[in-house]
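Subject: Structure handover

Dear colleague,

I am passing on the structure we spoke about, and my notes follow below it. Please read them with the coordinates open.

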Amino acid sequence: MDILSSYSFIIVMLGTLVLAVACACIGSISVFKGQSLIGDAIGHATFPGVVLAFMIFGVLDSAYLIIGAIVFGILAFHLIQKITDHSKVTLDSALALILSGFFGLGLVLKSYVQGHPNFNGSQGIDDFIFGQAAYMLRSDVYLIIAAAVVSLLLFYVFYQPIKIYIFDQTFSQTLGIKQSLMNGLVLIMTISLIAVGLKAVGAILIVNLLIAPTVIGRLWCTSYPYVLALGMIVAGISAFIGTYLSTAFVGIATGPAIILVLSCALLISLIVAPSGPIKALINKRRVGNQL
Amino acid sequence: MIEVLLVLLLTALSTALLGVFLVLRGQAMTTDAISHTILLGIVIAFFITNDLRSPLLIIGATLVGLITVYLIEVIGQSKLVSKDAATGLVFTSLFALAVILVSKYLDNIHLDLDIVLMGQVLFAPLNRIEILGIDLPYALWQLAIVLLINVTFVALFYKELKLSSFDPVYSIVSGFSTSIIYYSLMSLVSVTAVTAFDAVGTILVISFFTAPAATAFLLSKKLSTMIWISLMFAAINSLVGGTFGYLTDTSISGSVAVISMISFFLVFLFRKDGPILSKIHLPVP
């Protein structure tokens, strides 16, 4: 039981818990809009931003690196939009292209930095790929809390317009809700959460935190507020258990541990939940037998 | 140096050939998912054989690749979860499992996470094997076989691939099984991805699959033209990127991915109906 009261556990747990809850809430927007994988592309695309910020500022301080991450996240998003708007290339291919191109740039810069004597202490950069929650500092947790509070507040204030924007775009245009404003708002909330979460869960896996809670919620509930609430609760619990497991057992990284706990919850929901695909398959068979 | 470039070139050609059909079908991100999850197959097969060169690794990885595709299909077909959400969920879960297995049990073995990410094409010539009296890197042989298989597949099933990519409904009506074509394509994607794994790593292989094909897609209106242009860009990207990475002593596969993205954007900007040339009104002769 002494793990639960240890200082480092509390710091890491607090950070991942707040991050997971906020991601669950904000991620629901892109899941319902059918754009979940944009989060994946942005997650990968932030990596060169992190390395570049390190090269410019020369310190591995999260506050500086996050600026780079956000800039590159926004850049990647705009490039994806440009490609899909101005050519016949589909969103799917554009995502794959930008994701790999940016991540490749990150790896090129990383190998340059790590082979160069001018840049000291560059080892920590690797932490941003897979996440290294164990090295999270108090300041990292403050950053996560700040980003989470701001985005949740924005979400709360704009709850009605966001809801209409998600479920009925035509109606929201009729009401005079600026689409570009909403797109920008969602983008900023998503990117800032990804940026602060990089150190905790890493660039590759963070998209899971954005998608999984909403899908779990959707399997059990039908109305948006309930989906949100259940998703946030499950995300919070998963973050807690995942952090506990990674602290209790040596060699288990926190980010992947949280993702695995969340995946277990998802797997159980898929099998047990009343509207899950497995239940649906069984029901279909039953109907078939009756005919 | 020449052998390194050859390995890159063969990787690029065998991936870009399949990439054409992936881009046309909108399956680029499914490929991304496969390229991540094959790591799990490699790790599990490695636990069984303890040999990074065992053919069982390819079989394990291909199986996991197919399981990935199947899971995405099953979850995505339920009306509750869109297909791209399913993709994002399946690959991150399996990849997280693989990362934990690697970091917990294989910490001091060659299979470290850096190589998983970017591959090490520079080490490829060190692993040599002699077949028919010709002494060539192991990876080169492997890739040559994969390229041959891919070319044969596309040549034999060209009509079926074409039909099921452009008009799946008509293809079913005509009596082709689209799912057999789909799953054979996806198994070849897995085999190719795991063969390319050593050279370019799990994440950047997606650039090899999609970037040349997407570039060719901008320039062509015919499938056969698209395939040739795609192969051409694959060759240019891999040779230019490989040389750049080699000379600047940076990540070679990363350089190829960057060069591929740059060549896409050059074509994107300067193609005939692109954002720049369409604005310039050429004087009518």
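Among the elements of chain B, which has the lowest mean pLDDT and which the highest? The model is predicted, and in chain B the lowest mean belongs to α5(B), at 65, while helix α10 (residues 223-248) of chain B has the highest, at 91. Chain B as a whole averages a pLDDT of 83, with 86% of the residues scoring at least 70. For chain A the mean pLDDT is 85, and 92% of its residues reach 70 or more; confidence there is lowest in helix α14 (residues 277-290) of chain A, with a mean of 63, and highest in helix α12 (residues 224-248) of chain A, at 91. The scores for the model are ipTM 0.87 and pTM 0.87.

On the contact between the chains, 50 residues come from chain A and 51 residues from chain B. On the side of chain B that touches chain A, at least two residues each are supplied by α2 (28-49), α3 (55-77), α4 (83-105), α5 (113-118), α9 (178-219) and α11 of chain B, and the largest share, 14 residues, comes from α4(B). By class, that side of chain B has 30 nonpolar, 16 polar and five charged residues.

From chain A, I looked at helix α5 (residues 91-114), which packs against helix α11 (residues 252-270) of chain B at an angle of about 135°, with the axes 7 Å apart. That angle makes α5(A) oblique to α11(B), and α5(A) passes α11(B) in a left-handed crossing. The residues of α5(A) that meet α11(B) include Gly101(A), Gly104(A) and Val108(A), and those of α11(B) include Gly254(B), Ala257(B) and Phe264(B). By class, this contact has eight nonpolar, seven polar and no charged residues.

The axes of α5(A) and α9(B) come within 8 Å and cross at roughly 130°, so α5(A) is oblique to α9(B) as well, and α5(A) passes α9(B) in a left-handed crossing. Among the residues that make this contact are Ser93(A), Ala96(A) and Phe103(A) of α5(A), together with Ile203(B), Ser207(B) and Ala214(B) of α9(B). The residues divide into nine nonpolar, six polar and no charged. Leu97(A), Ser100(A), Gly101(A) and Gly104(A) are listed both in the contact with α11(B) and in the contact with α9(B).

Within chain A, the axes of helix α3 (residues 36-57) and α5(A) come within 8 Å and cross at roughly 25°, which makes α3(A) roughly parallel to α5(A). This crossing, too, is left-handed. Among the residues that meet are Asp40(A), His44(A) and Phe47(A) in α3(A), and Phe102(A), Leu109(A) and Lys110(A) in α5(A). The contact divides into 18 nonpolar, two polar and two charged residues.

Finally, a word on annotation. An unreviewed UniProt entry lists several stretches of chain A under "transmembrane region", including residues 89-109 and 180-198. In the model, residues 89-109 of chain A are 90% helix and 0% strand, with the end C-alpha atoms 28 Å apart, whereas residues 180-198 of chain A are 100% helix and 0% strand, with the end C-alpha atoms 27 Å apart.

With best regards

Note on methods:
Residues are numbered from 1 along each chain as its sequence is written. Chains are lettered from A and ligands numbered from 1 in the order in which they are written. This is a predicted model: local features need pLDDT of at least 70, side-chain atom pairs count only at pLDDT 80 or more; totals for chains, interfaces and linings use all residues. Axes are lines fitted to C-alpha atoms, for helices over the stretch in contact, and angles run from 0 to 180 degrees between N-to-C directions. Helices (H or I, at least four residues) and strands (E, at least two) are DSSP runs, numbered from the N terminus. Angles under 35 degrees count as roughly parallel, over 145 as roughly antiparallel, 65 to 115 as roughly perpendicular and the rest as oblique. A crossing is left-handed if the near helix is turned anticlockwise from the far one by less than a right angle, and right-handed if clockwise. Two residues are in contact if their C-beta atoms, placed from the backbone, lie within 7 Å. Ala, Val, Leu, Ile, Met, Phe, Trp, Tyr, Cys and Pro count as nonpolar, Asp, Glu, Lys and Arg as charged, and the others, Gly among them, as polar. UniProt positions are given in the numbering used here, feature names are shortened, and annotations may be inferred rather than shown by experiment. pLDDT is the predictor's confidence in each residue, from 0 to 100.
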